[in-house]
Amino acid sequence: MPLPPGPFVRCGFNAALLLLGLVLAGFTSTGGSEHAATAALPAAFSDMLPRFLVEPEDEYIVKNKPVTLTCRSTPATQIYFKCNGDWVHQDDHLIEHSVDPATAMPVMQVTIEITRQQVEKIFGLDEYWCQCVAWSTTGTQKSQKAYIRIAYLRKNFEEEPQGTEVALDQEVLLRCHPPEGVPQAEVEWQRNEDVLDPVSDPNFFITSEHNLVIRKARLLDTGNYTCVAKNIVARRKSNSATVLVYAVSGAEDVALYVGMVAVALCLTLLLIVVVLVYRRKKEGLDADVADSSILTTGFQPMGIKPSKPGVWAPRPRRPPHSKNSHLLTIQPDLTTTSYQGTLRSRHDTTGKFSMTNGPLLDPLPNGSHTLHNGKLNSDPAEFVSRLSTQTYFKTLPRDVANTSYGTFNFLGGRLTIPNTGISLLIPPEAIPRGKIYEIYLTVQRKEDLRLPLAGCQTLLSPIVSCGPPGVVLSRPVILSMDHCFDACLDNWAVRLKKQNYEGAWEDVLLMGEELVSEPYYCQLEAETCRLFTEQLGTFALVGESLHMGAAKRLRLVLFSDAYCSTLEYNIRVYCMDDTQDVFKEVMQMERQLGGRLIDEPHVLLFKDSYHNLRLSIHDMPQAHWRSKLLAGYQEIPFYHIWNGSQRYLHCTFTLERLSLSTCELTCQLCVWQLEGEGQSFALDFNIAKDTRALDAEFLLMDSNATALAGPSAFQIPYLIRQKICSSLDAPCPNGADWRMLAQRLKLERHMSFFASKASPTSVILDLWEAQHFHSGNINQLATVMADIGKQEAMIFLVSDGEC
């Protein structure tokens, strides 16, 4: 028979006689509490197995209040609790002895307390459970298992009721999916703050899915309906849904329709008058300018070489020329027809601003020009500050370091946030001719714009904003951003979320089930998502794992103190989403802390297995170093990592050198998910020497300009692009058209999307530009075009005269 921890005391015959004498004398002990869990049984009961009078019940831990489990048995010599397979220490038991007055049998009662910290340690597939085991001289008995769960109720409803207007006697269905909670939330419905009782009013019916059904709408049913979810932790209310019940029939319908037509005609006439007045007041100004400050950067005639230094935006680096490089590198000269946006530094207010006559400029007698309703900005922060004060820029943070902006026309351009993997490609003709937009691109910090997540959902990308919202685009732009999941849609349900004007988040696309008729379409790559969108706004990728094989990529980065003058030395291990924007923020933060990078980053696949991430340090030279960590390892809870809301998760290992003369540190640092994959770092360095600068090659410094306008933003010259499109858009019987181009570029998965566009070739080239801007691999495209065999079109041979 296995023995629990603690003493197993066999009392002598005298003790048994004493207890029996007390029983025969009618003495009932209410006992006092003690920690000795052993008692002797009278001989009359020595051959009886213990039976339970009270067994432990399931409990919920509310906030930080511990729960008490109770077990009572008779007759018993010992009672101990076992939790999750381990015996509870004898000092944690509270024992009470008594005698049942009806049967004269000895009764033993044991209680223990379970804290929230104990339950949180068991973060896995198994739930936290306890049961008690009772002994007698004959044998043992086990009680039922009691499960202890941490109670909670999330704030956000998974589905909230929506308002509606219905005719009299029609059925109304208001949906409600309460927030996730333990224990599961109960639901009640309110109308105008009064609780609805389906028993007293049978016209109401609440389904098993918590939806409210109004069987036949009555006029008195008009009101605001609220779904209320509650459990032992909290009480949550959904947004109210307004139900309007109307009754206007027969001849009254005709009167209603006539009235509606009359109102519509009046509104149409009023709109025409307003438009005419507006155009008259404009007096020749272009009404399509998106913002009064669009001319804060100038437009100059586009030529092969700038007339003065410092005017053009920096061009991207290109690879060395090869034998085919002349095919696609001829720069067109559009001085007679159009202008290229030149994005000068906003700090340069003394530079010349030249532009040919146009609808936005009036000539002055001395030949110079003046701006209408605009001025030059001298500070990038002023631009962000101005935008954030406008109604549709309320969510734009005043963070110049993570924001790019520029002025663009029909020639298009590109915005990039350096070292984040985030860019916005504005293809040629995406902005209608005659319009000029000032466009911004920013990455949102999670503390500034929190994305609500339900259940086991997790954030898989940065939250990116581009705008202004509502601008009219003739064709999709391409937003590129990193993601941090294994890119296998068999393991995930990945949704593109967009924030609407009210600030709420909406699902606008399910990856893998894109519809070509929708305004959004995604090209998913190993580490990048490229979003085709005709509507600017704020976007993010949210995933929900379909099974435990789904995995997120974590980037593990080690930092230490750059300078150490004391005996203590700290090593910080960051466990972050594997996206460049988070890595950039951590690098910037460590630079401010004076930290240094001590090893190259490693990537760890973190699976949806509910297992924590464990970190430990090993193999330190005991004669020179010791760890100040009390436990043998540190753990980061699974959900802290999985939901992705905490950007800078890290553990700090504080080490102590036994002498100030010790400078060499060698050790092994291990990071692994329980029952999953792991990574190890073999560290061997001198703490007194800063052997690796913080901004080393791992920061991947991006020297390209943050904003490029016109042809400088593209690999393919504008006129050559037009020739390619005119040559490949028309279907060819032997397939030597845009379809072969898509196949050669390994983009055949998107054939239906390309085919839905007026110029499939131009969309393929847009995607190629978004993918290959930094690589400069234009020779690859030239080779593909040569393989297609369109030699008779001579699309690559563009002379200087033609440009």
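Here are some notes on the ring pairs and charged contacts in this structure, which is a predicted model.

1. First, the overall picture. The protein chain runs to 803 residues, and 48% of these are buried. Its secondary structure comes to eleven helices and 49 strands. The accessible surface of the chain is about 39000 Å², with carbon and sulfur atoms accounting for 53% of that.

2. Now the aromatic side chains. The structure holds 17 aromatic pairs. One of them joins Tyr521 and Phe753, whose rings are stacked, with 4.0 Å from centre to centre and 5° between the planes. Tyr521 belongs to strand S36 (residues 520-524) and Phe753 to helix H9 (residues 751-755), so this contact ties together parts that lie 232 residues apart in sequence. Are these two residues buried or exposed? Tyr521 has a relative accessibility of 5%, so it counts as buried, and Phe753, at 2%, counts as buried too.

3. Another pair to look up is Phe606 with Phe638. Their ring centres are 5.6 Å apart and their planes meet at 25°, so this pair counts as stacked. Phe606 sits in strand S42 (residues 602-607) and Phe638 in helix H6 (residues 638-642), so here the pair ties together parts 32 residues apart in sequence. Phe606 is buried, at 0% relative accessible area, and Phe638 is buried with a value of 0%.

4. Stay with Phe606 and Phe638 for a moment. Which other residues do ring pairs link with them into a cluster? The answer is Phe485, Trp492, Tyr610, Tyr639 and Trp642.

5. Some rings also have a charged group over them. Lys82 lies over the face of Trp87, at 4.5 Å from the ring centre. Elsewhere, Arg555 places its charged end over the ring of Phe583, 4.6 Å from the centre of that ring.

6. On to charge pairs. Side chains of opposite charge can pair when their charged atoms come close. How many salt bridges are there? The count comes to 25. One of them is within a helix: Glu120 and Arg116 meet with 3.1 Å from N to O. These two residues are four apart in helix H2 (residues 116-121), which means that about one helical turn separates them. Glu120 is partly exposed, with a relative accessible area of 31%.

7. A salt bridge can also join two strands here, as with Asp507 and Arg495, where the N to O distance is 3.7 Å. Asp507 is in strand S35 (residues 505-510) and Arg495 in strand S34 (residues 492-499), so the pair ties together parts twelve residues apart in sequence. Asp507 counts as partly exposed at 47% relative accessibility, and Arg495 is partly exposed at 27%.

8. Then there is Lys628, which forms a salt bridge with Glu568; their closest N and O atoms are 2.6 Å apart. This pair links distant parts of the chain, 60 residues apart: Lys628 is in the loop between strand S44 (625-627) and strand S45 (634-636), while Glu568 is in strand S40 (residues 568-577). Lys628 is partly exposed, at 37% relative accessible area, and Glu568 is partly exposed, at 34%.

9. A last one to find in the viewer is a network. Salt bridges link Arg191, Asp201, Arg218 and Asp221.

Definitions and conventions:
Residues numbered from 1 in each chain as written. Predicted model: local features only at pLDDT ≥ 70, side-chain atom pairs only at ≥ 80, totals over all residues. Heavy atoms only, no water. Buried < 20%, exposed > 50% of the residue type's maximum accessible area, 1.4 Å probe, protein only. Areas by Shrake-Rupley, 256 points an atom, 1.4 Å probe, with all protein chains shown as cover. Phe/Tyr/Trp six-rings, centres within 6.5 Å; stacked < 30°, edge-to-face > 60°. Lys NZ or Arg CZ within 6 Å of the ring centre and 35° of its normal. Salt bridge = Lys/Arg side-chain N within 4 Å of Asp/Glu carboxyl O.
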